[in-house]
Amino acid sequence: MKKTDQKVEKKILPYRLKPYVKFNGGFGALICNLCYKIIKEGLSKKEFAGETGQVLCANCIDYVVYHTKTKYEKGFLADEHKKLLRRFPTKYMNMDKYYEALHGITGIMTIDGGLIYHCDIIKALNCGIEDRNLTLAEFD
Ligand SMILES: [Zn+2]
């Protein structure tokens, strides 16, 4: 287990997080709320004020999604998906981009309903957080 993983393991995300801004030589830097790595430097005024911005680095997004307990190993049921989203700063995300990225994905049907794969959720989270569409490479 990597050192970063251990730090993350201890800290569970129970609610929406605010962007964490560090005054880094006056310009400000956005820090990952879990591993404290710098995500972005040279912030906009809004980001600097902590109003918008990414709160988790890509590694930690992966980590949170893959370490959330689900009934089925392969993916998330609708209510589990809803619960998972509470751990992310949806207030700061473009949720249209999020749902757009999830549109038309393939899932698996179970007796409890459809499952959404972990990897699809991660892609959608990145789109929502970065306010963008899926790239060609991400599209499958
Ligand atoms: Zn991180």
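Two strands count as paired when DSSP finds at least two bridges between them. In this predicted model, strands β2 and β3 are joined by three bridges and run antiparallel. Together β2 and β3 form a hairpin, with six residues between them. Within the pairing, L30 stands opposite K40 of β3. In the turn, Y36 has a positive phi of about 65°.

The turn of this hairpin leads to the metal site. A zinc ion is coordinated by the SG atoms of C32, C35, C57 and C60, at 2.2 to 2.3 Å. Along the chain these donors follow the spacing C-x2-C-x21-C-x2-C. C35 lies in the loop between β2 (29–31) and β3 (38–41), and C57 in the loop between α2 (45–48) and α3 (58–66), so this pair ties together parts that are 22 residues apart in sequence. Around the zinc ion, the four donor atoms subtend angles of 105 to 117°, and the arrangement is therefore tetrahedral. C35 and C57 are both buried.

From the metal site the description moves to the nonpolar core. The largest such core has 26 residues, and those with the most contacts inside it are L56, I61, V65, F88, Y98, I121 and L125. Elements α3, α4, α5 and α6 each give two or more residues to this core. The most comes from α6, with six residues. Leaving aside residues up to four places away in sequence, V65 touches F76, L84, F88, H118, I121, I122 and L125.

Helix α6 itself covers residues 118–130, 13 residues in total. From its first C-alpha to its last, α6 reaches 18 Å, close to the 18 Å expected at 1.5 Å a residue. How much of this helix is buried? Of the 13 residues of α6, 11 are buried, so the helix is largely enclosed by the rest of the structure. Here a residue is called buried if its relative accessible area is under 20%. The buried residues of α6 include the nonpolar I121, I122 and L125, and also H118, D120, K123 and N126. An α-helix has 3.6 residues a turn, so residues three or four places apart point the same way.

Which elements cover the buried residues of α6? The cover includes α3, β4 (75–76), α4 (78–85), α5 (95–102) and β6 (113–117). Just after α6, D131 takes a positive phi of about 55°.

How values were computed
Residues are numbered from 1 along each chain as its sequence is written. This is a predicted model: local features need pLDDT of at least 70, side-chain atom pairs count only at pLDDT 80 or more; totals for chains, interfaces and linings use all residues. Side-chain values use heavy atoms; hydrogens and water are left out. Donors are N, O and S atoms within 2.8 Å of the metal (3.2 Å for Na, K and Ca); water is not among the atoms, so sites may look incomplete. Four donors count as tetrahedral if all angles lie between 85 and 135 degrees; four count as square planar and six as octahedral if opposite donors are over 155 degrees apart and all others between 65 and 115; anything else is irregular. Helices (H or I, at least four residues) and strands (E, at least two) are DSSP runs, numbered from the N terminus. Buried means under 20% relative accessible area, exposed over 50%, partly exposed in between (1.4 Å probe, protein chains only). The expected span of a helix is 1.5 Å times one less than its number of residues. Contact means heavy atoms within 4.5 Å. A nonpolar core is a set of buried Ala, Val, Leu, Ile, Met, Phe, Trp, Tyr and Cys residues joined through side-chain atoms within 4.5 Å.
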